[in-house]
Each structure stands twice: as C-alpha cells, then as structure tokens.
Amino acid sequence: MFVKNVSLQHYRNYEKLQLEAFGDVNLIIGRNAQGKTNLMEALFVLALTKSHRTSKDRELIGFEQSHAHVSAEIDRKYGALKLELSLSQQGKKAKINGLEQRKLSDFIGSLNVVMFAPEDLEIVKGTPGVRRRFLDMEIGQVAPSYLFHLQQYQKVLVQRNNLLKQLWGKGSAEQAMLDIWNSQLAEHGVKIVKKRKQFIKKLQKWAESIHQGITNGLEDLSLHYLPSFADAEEEDEAVLFETFMIKLSQMKEQEIRRGMTLAGPHRDDLAFYINGKEVQTYGSQGQQRTTALSLKLAEIELIQEEIGEYPVLLLDDVLSELDPYRQTQLIETFQSKVQTFITATGIESLNTDKLKGASIFHVHDGQVGS
C-alpha cells in the first residue's frame, strides 16, 4: 500500500495543499504548531473517516470555512484508487474513484494506516474507553462488518438506556419492552465480542514476539481481554448470546435503578501483563512505552496478515521520545516494507543513519516545501 499524493482544502490550518513525490520514508520537519500533526491526522481521517484527536468534525474544518476536503491517490496490490472525503456541517461524503459511497463503512479499509503518537501511551495506562476505541478503530479497518454491528449496538444502547430511565417505579407490563431491546443488544453485542476476541488473539501472537525482540528476550508480554459478561475464551455465538441475556436479566433491577446498561461490550476492557505483572499498575514508564510500541508494530503485521499487504505507518512525534535502541528497533521494522510518514521538530533528533534516502518535507504555518 502506497500513498502517491495528498490534497487538502480548508483542513485545519491548511488553506490549500497539494503534496506529491512521496517516497518509502517521508520526514515531515517543522517547529511545533506549524501543521505537522494536522497533515498526519488528515491521512488518518482519510483512512477511518474520523480523527484520532477529536470527536468533533467541526474542529477539522478551517476557521470560518463551511467545509473541508481531503483526497489522495493510493496504490494497492489490486490497482490504484482515488479517495476523497468531504466534511461539512451536514456530515461526511466519501468517494472511491469518483463514486460516492452509500455508507462510510464501505469506504473505510480503502486506505489502511497504523498511527503511533505520544497519546498512544494512554492505550496502556489510560481508561478502558481508550482501549475500547483502540480495538474498535483497528478492527474496523480490516472488518467492515464489525463497524456495522458496532453502529447498530450503539443505537440500541441509546434506546435501551432511554427506556431504563423511564422504568423506575413502573410495573411488569411497561418492563416487557425491555426484552425486545435485550435481544437486539445481545444480537449485535455477541458479534462485537467475538470479533474482539479473535483480533486480540492474533494481536497477542505478533505483540509477544515483537516485545521479546525489543527487550532482548527479557520480557514476556501478554494481552488479556476482559469482557463484562462472558468468559474471555468463549467464542460460540449461541453461548455468548445466552450468557449475555442471562446477565441482562440478572442486572435488570440494578439497571432500572441507575438508568443505564451495565453489561455489554461498551463496558469491556483490555489488560497488558509483562512477566505476569499488570503493566498499567506495576509497569515502569519505559515498560508502558515499550508495550505501546509493541502493540503498534504488531498491528502492522496483523493488518498484512488480514488483507495481504502492509498498511501505511504514521509516526507523529514519537521517534524523538524513544531511546536510540528503540528508535533503531522501530526503524528496522518498517524499512523496506512499509511506507512511513514521520514528524519531528528537527532531523537531529532522529537516528538519521537509519533514515538515509528519506524524502524530507518542511512545514511552516500551513505551508509545505521540500
């Protein structure tokens, strides 16, 4: 997978930008607050139709502008693609080779990216919501059906929560409606949980091997899925459905009192262990950082395994955060096989011996020059 060019219009601080002549490794150099991360974010948004930094699309549109536009030409193993994404107050429109896509989920997966940014440390040490978002965004890239079930689940969840708020003090007749929402919630919920289990198992295989390499075999990394209603190993959908329904029945009174759904994939978590100890609680900052790095490198290999070609790697201000050994490990992983975009405040902060031949672009106040 290779990004040949990218075009931005009214995107954050970029009034208009057309960039071409990308190489296998591309260094985006500039001082802080000039637009380096905005450029990386635009590629991420083109891949997943949403930002890794904000949930508000309005923030992606330039000041006093009504819309923003991101497009790029991509080389895939099965041919070239022209991808376009428009953002406005009315929503998003996506096109592939000039054809508007009926659903955004039909567009996602056309460009696959792995983003590694300083905030990714939060995947390890942050809240469960951060880890769920990590799972949802990465699985969604390689399994569009997962996004469908996730969207349906979230719609049912809103309706069910609204009903729970109304049921306090009501009789069994009014509560009968809850059974309908329970069935729909479980129908989509088990699809989400099953896919997460499969994804984490594959991610574990790659992350364990990569982490051992980074730590010279001194540390064993393991990933543990923590579903809120089922055994972590169970994958049979019928069993999962029945287990979910029983859990919802058991928690019915408590949920009515609190007015919210207390079990389901929206309450799941993911834990990381090094040599048997939980990294979030007992790991050093170095171990947390290495765990996050191992996860991102594992993602690259997992996507290649799933779709048959490597994704594009986006490294936003992270190389300078790593010591020389980890810089070398990371660079050797992507060199010669993954097109990579790297932002930094200066070339001097990078292990440039390993980056010879990289294309260099300088960013200043929303303008880019080579």
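# Exercises on a predicted model

Helix α1 is mostly covered, with 12 of its 13 residues buried. The structure is a predicted model, and the exercises below work through a helix, a sheet and the cavities.

## Exercise 1: the helix α1

Determine how the reach of α1 stands against its expected span, and list which residues of α1 are buried.

*Solution.*
1. Helix α1 covers residues 36-48, which amounts to 13 residues.
2. From the first C-alpha of α1 to the last, the reach is 19 Å; this is close to the 18 Å expected at 1.5 Å a residue.
3. A residue counts as buried when its relative accessible area is under 20%.
4. The buried residues of α1 are Lys 36, Asn 38, Leu 39, Met 40, Glu 41, Ala 42, Leu 43, Phe 44, Val 45, Leu 46, Ala 47 and Leu 48.
5. After α1 comes Thr 49, and its phi is positive, near 65°.

## Exercise 2: the sheet

State the order of the strands in the open sheet, and explain why β2 and β7 stand at the edges.

*Solution.*
1. The open sheet has 6 strands with antiparallel pairing, in the order β2-β1-β4-β5-β6-β7.
2. β2 (14-19) and β7 (99-100) each have a single partner strand, so each has one side without a neighbour in the sheet.
3. Within the sheet, β5 (residues 79-88) and β6 (residues 91-96) run antiparallel and are joined by 6 bridges.
4. Opposite Leu 85 stands Ala 94 in β6.

## Exercise 3: the largest cavity

Find the volume of the largest cavity and classify the residues of its lining.

*Solution.*
1. The model holds 3 cavities of 30 Å³ or more.
2. The largest cavity encloses about 80 Å³ of space.
3. Its lining consists of Phe 116, Ala 117, Pro 118, Asp 120, Leu 121, Arg 289, Ala 292, Val 318, Glu 321 and Leu 322.
4. Sorted by class, the lining of the largest cavity has 7 nonpolar residues, no polar residues and 3 charged residues.

## Exercise 4: the second largest cavity

Identify which helix gives the most residues to the lining of the second largest cavity.

*Solution.*
1. The second largest cavity holds about 60 Å³ of space.
2. The residues that line the second largest cavity are Ile 139, Val 142, Lys 195, Gln 198, Phe 199, Lys 202, Leu 302 and Glu 306.
3. At least two of the lining residues come from each of α4 (128-142), α7 (177-214) and α11 (285-307).
4. With 4 residues, α7 gives the most to this lining.
5. By class, the lining of the second largest cavity divides into 4 nonpolar, 1 polar and 3 charged residues.

Methods
Residues are numbered from 1 along each chain as its sequence is written. This is a predicted model: local features need pLDDT of at least 70, side-chain atom pairs count only at pLDDT 80 or more; totals for chains, interfaces and linings use all residues. Side-chain values use heavy atoms; hydrogens and water are left out. On a 1 Å grid over the protein atoms alone, a cavity is a set of points where a 1.4 Å probe fits but cannot get out, and a pocket is an open set with protein on both sides within 12 Å along at least five of seven lines; lining residues have an atom within 4 Å of a point. Grid points are joined across faces, edges and corners, and a volume is the space filled by probe spheres set on the points. Ala, Val, Leu, Ile, Met, Phe, Trp, Tyr, Cys and Pro count as nonpolar, Asp, Glu, Lys and Arg as charged, and the others, Gly among them, as polar. The expected span of a helix is 1.5 Å times one less than its number of residues. Buried means under 20% relative accessible area, exposed over 50%, partly exposed in between (1.4 Å probe, protein chains only). Two strands pair if DSSP finds at least two bridges between them.
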